[in-house]
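Welcome, and please bring the model up in your viewer with the cartoon on and side chains ready to toggle. We will go stop by stop, selecting a few residues at a time.

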Amino acid sequence: MSIIVKGAGTETDPWVLKTPPGKSEFEAYRAPDAEPPALVVQVGKTQLRYHLQCLDDLHAMLKEHGDWMPLGNADEQKAAAEGTVESWGRSEGNPVGGWYGFKKGLRGRFGNYIPPVMEILGMAEVEHNARNNRMRAL
């Protein structure tokens with residue numbers, strides 16, 4: 001599947017992306033000069049921020065995993081299914097020792113917003129089914 005991306009991934013020209021099922025649109029950009037460096041996701045009026053290093057960390061984990069991994073999208077208040085990208089994004093065993101999201105209450109949905117960014121960067125392949133999507137490292 002060929003993905004057409006609008007935007008350059010900067011604050012003034014963010015990427016315009018869709019969630020893996022393709023139903024919701026959001027914007028994202030890298031903010032390397034933020035403290036700490038962030039991947040900023042804008043969903044309507046809501047802004048989520050994740051550690052920028054999540055892109056490289058998730059890529060490395062997926063490379064080591066070596067196969068497709070379920071995304072497991074979940075809000076922060078809901079438990080993430082084990083063995084999913086979402087559960088890894090909040091695990092004490094990941095490189096940041098817990099949540100990649102910064103703001104309590106807006107730390108979830110890692111498996112919804114990070115995979116499309118990795119896909120447009122050529123770091124991962126992401127499925128685009130109605131539900132139960134997976135990703136793998138490229």
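Is Arg109 buried, partly exposed or exposed? Select Arg109 and switch on the surface: Arg109 is partly exposed, with a relative accessible area of 27%. Keep in mind along the way that this is a predicted model.

**Stop 1: the partner of Arg109**

Now add Asp75 to the selection. Asp75 and Arg109 form a salt bridge, and their closest N and O atoms are 2.7 Å apart. Colour by element and you can follow the chain on both sides: Asp75 sits in the loop between β5 and α2 (85-88), while Arg109 belongs to the loop between α2 and α3, so this pair ties together parts that are 34 residues apart in sequence. Asp75 is partly exposed too, at a relative accessible area of 26%.

**Stop 2: Arg107 and Glu76**

Next, select Arg107 and Glu76. Their side chains meet in a salt bridge, at 2.7 Å from N to O. Arg107 lies in the loop between α2 and α3 and Glu76 in the loop between β5 and α2, so parts 31 residues apart in sequence are tied together by this pair. Here the surface view tells another story: Arg107 and Glu76 are buried, meaning under 20% relative accessible area.

**Stop 3: Glu86 and Arg90**

Move on to Glu86 and Arg90. These side chains also meet in a salt bridge, with 2.9 Å from N to O, and both residues are buried. A search of the whole structure finds five salt bridges, so feel free to look for the others.

**Stop 4: the sheet**

Hide the side chains and show the strands. Which order do they take in the sheet? Three strands form an open sheet in the order β5-β7-β6, with antiparallel pairing. β5 (69-70) and β6 (124-126) stand at the edges with a single partner strand each, so each has one side without a neighbour in the sheet. Zoom in on β5 and β7 (residues 134-137), which pair in the antiparallel sense over two bridges. Select Met69 to see one of the ends of this pairing: its bridge partner in β7 is Met135.

**Stop 5: the helices on the sheet**

Select residues 54-65 to find helix α1, which packs on the sheet and touches β5 and β7. The direction of α1 makes about 90° with that of β7. Finally, select residues 110-120: this is helix α3, lying across β6 and β7 and running at about 125° to β6.

Notes: Residues are numbered from 1 along each chain as its sequence is written. This is a predicted model: local features need pLDDT of at least 70, side-chain atom pairs count only at pLDDT 80 or more; totals for chains, interfaces and linings use all residues. Side-chain values use heavy atoms; hydrogens and water are left out. Two strands pair if DSSP finds at least two bridges between them. Helices (H or I, at least four residues) and strands (E, at least two) are DSSP runs, numbered from the N terminus. Contact means heavy atoms within 4.5 Å. Axes are lines fitted to C-alpha atoms, for helices over the stretch in contact, and angles run from 0 to 180 degrees between N-to-C directions. A salt bridge is a side-chain nitrogen of Lys or Arg within 4 Å of a carboxyl oxygen of Asp or Glu. Buried means under 20% relative accessible area, exposed over 50%, partly exposed in between (1.4 Å probe, protein chains only).
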